[in-house]
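Welcome, and thanks for opening the viewer. Keep the selection panel handy, and we will walk through the model one stop at a time.

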Amino acid sequence: MAKHDKETYESYAKDMFDNPPAGPMGVHRGARSMASRALPYVIVVIVALLAGLLFWGVYSGEISNLRMPWSAKEDSSSSVSTADKADKKTDDTSKDAKTENKKSEDGKKTSTSDGQSKDASDANQNAEQNNDQNNGQDAASEQSVNLTTEIRVVNATSITGYAKSKADALTQAGYTSVTPSNPTGNVPSQTVVWYQNEADKATAENVAQTLGISNVQQSSGLVTPIVVVLLN
C-alpha cells in the first residue's frame, strides 16, 4: 500500500470485533425528570439562604438567642423548676408572715394580759394602801381624840338653853368636861369650833362632827382648849 493512500475501514482485515452481537451499542442514559434536574439548584439556594442567615445571626448577635430543638425540654424544665422555686419561696414567705403575725398577736395578747394584770395589781395595791391610810387615819383620830379635854360651849344666839342642849349632846358622846356659858367680848360671824393647840385638833374635829359644825379653826389666846361658839 502506497504511503499517501488513504486508510479506511475497509483497508483493515476483519476480525471478531467486526461482528458485534445484536443489540444497542455502548451505554446510554435515559431521559431525566424535571425534579431531578431542578434538585441541584434548590440545594444551592437553600445552602445560600442558610449561609446568609448564619452570617446575619453572627453579625447581629441573635445567634445567642437561638434555641435548638433538644434544648426546649431543658428550658421548659428550667422554667418549671424556677416556677416551683418561686412558688416555694412565696409559700415560705407566706408561712413566715403568718408566723410573724401570730407571734405579734401573741405578743400583743401577752402584753395586754400583762398590762391588765399589772393594772389590776396596781389598783389592788392602791386600794390596800388607801385602806391602810384610812385605817391609820381613823386609828390616829381615835387615838388622838381626848374625851377628857375641857370644852366650853358658848351660846351666842337668842335661844335660851341652846348651849346647854349642845353640851348635853357632847356629854352623851362621851366627853366628861363640857361647860355651857354665855358669850363675853367679841363673837365670830358664824358658828365655829376653836381649838388651842395642834394636839387638840383631832378632838376639836370630833366635837364639830358630833354637833354638825363644819367650821373648825385654830385660835390663839384661848383659856379653854376647845371653845364652841353657837350662832343663829
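Start with the whole chain selected: of the 232 residues in the protein chain, 17% are buried, where buried means under 20% relative accessible area, exposed over 50% and partly exposed in between, using a 1.4 Å probe and protein chains only. This is a predicted model, in which local features need pLDDT of at least 70 and side-chain atom pairs count only at pLDDT 80 or more, while totals for chains, interfaces and linings use all residues. Residues are numbered from 1 along each chain as its sequence is written, and side-chain values use heavy atoms, with hydrogens and water left out.

**The whole chain**

Switch to a cartoon view. You will find four helices and five strands in the protein chain, in the order α-α-β-α-β-β-α-β-β from the N terminus. Helices (H or I, at least four residues) and strands (E, at least two) are DSSP runs, numbered from the N terminus. Show the surface next: the protein chain exposes about 18,300 Å², with 54% of that supplied by carbon and sulfur atoms; accessible areas come from the Shrake-Rupley method with a 1.4 Å probe, and for residues only the protein chains shown count as cover. If you draw a contact map, with contact meaning heavy atoms within 4.5 Å, then among contacts between residues at least 6 apart in sequence, 69% join residues at least 24 apart.

**Helix 1: a nonpolar patch**

Select Leu39, Val42, Ile43, Ile46, Val47 and Leu50, which make a nonpolar surface patch of about 540 Å². Patches are built from residues with over 30% relative accessible area and no salt bridge; like charges are joined within 9 Å, and nonpolar side chains (Val, Leu, Ile, Met, Phe, Trp, Tyr) within 5 Å. Zoom in on Leu50, which sits in helix 1 (residues 34–60) and counts as exposed at 54% relative accessibility.

**Strand 5 and its partners**

Now select strand 5 (226–230). How many of its residues are buried? Five of the five are. On one side you see Ile226, Val228 and Leu230, on the other Val227 and Val229, so both faces of strand 5 are covered.

Add strand 1 (151–155). Strands 1 and 5 run parallel and are joined by five bridges; two strands pair if DSSP finds at least two bridges between them. Ile151 has Ile226 of strand 5 as its bridge partner. Then bring in strand 3, which pairs with strand 5 in the antiparallel sense over four bridges. There, Tyr195 stands opposite Ile226.

**The nonpolar cores**

Show side chains for Ile151, Val153, Leu170 and Val228, which touch the most other members of the largest nonpolar core, a set of 19 residues. A nonpolar core is a set of buried Ala, Val, Leu, Ile, Met, Phe, Trp, Tyr and Cys residues joined through side-chain atoms within 4.5 Å. At least two residues of this core come from each of strand 1, helix 3, strand 3 (192–195), helix 4 (201–211) and strand 5. Helix 4 gives the largest share, five residues.

Center on Leu170: neighbours within four places in sequence aside, Leu170 is in contact with Ile151, Val153, Tyr175, Val178, Val207, Thr210 and Leu211. A second, separate core has seven residues, including Val154, Leu222, Val227 and Val229.

**Helix 4**

Select Ala202, Thr203, Ala204, Val207, Ala208 and Leu211, which are buried in helix 4. Thr203 has a relative accessible area of 1%. Not counting residues up to four places away in sequence, Thr203 touches Ser144, Val145, Asn146, Thr149, Tyr175 and Ile226. Step just past helix 4 to Gly212, where phi is positive at about 75 degrees.

**A loop and a salt bridge**

Select Val187, in the loop between strand 2 (178–181) and strand 3. Val187 counts as partly exposed at 43% relative accessibility. Use the distance tool on C-alpha atoms: Val187 and Val229 are 42 residues apart along the chain and separated by 7.7 Å.

Finish at Asp168 and Lys164, whose side chains meet in a salt bridge (3.0 Å, N to O). A salt bridge is a side-chain nitrogen of Lys or Arg within 4 Å of a carboxyl oxygen of Asp or Glu, and by this rule the count comes to one. The two residues are four apart in helix 3 (residues 162–172), so about one helical turn separates Asp168 and Lys164. Asp168 is partly exposed at a relative accessible area of 31%, and Lys164 is partly exposed at 45%.
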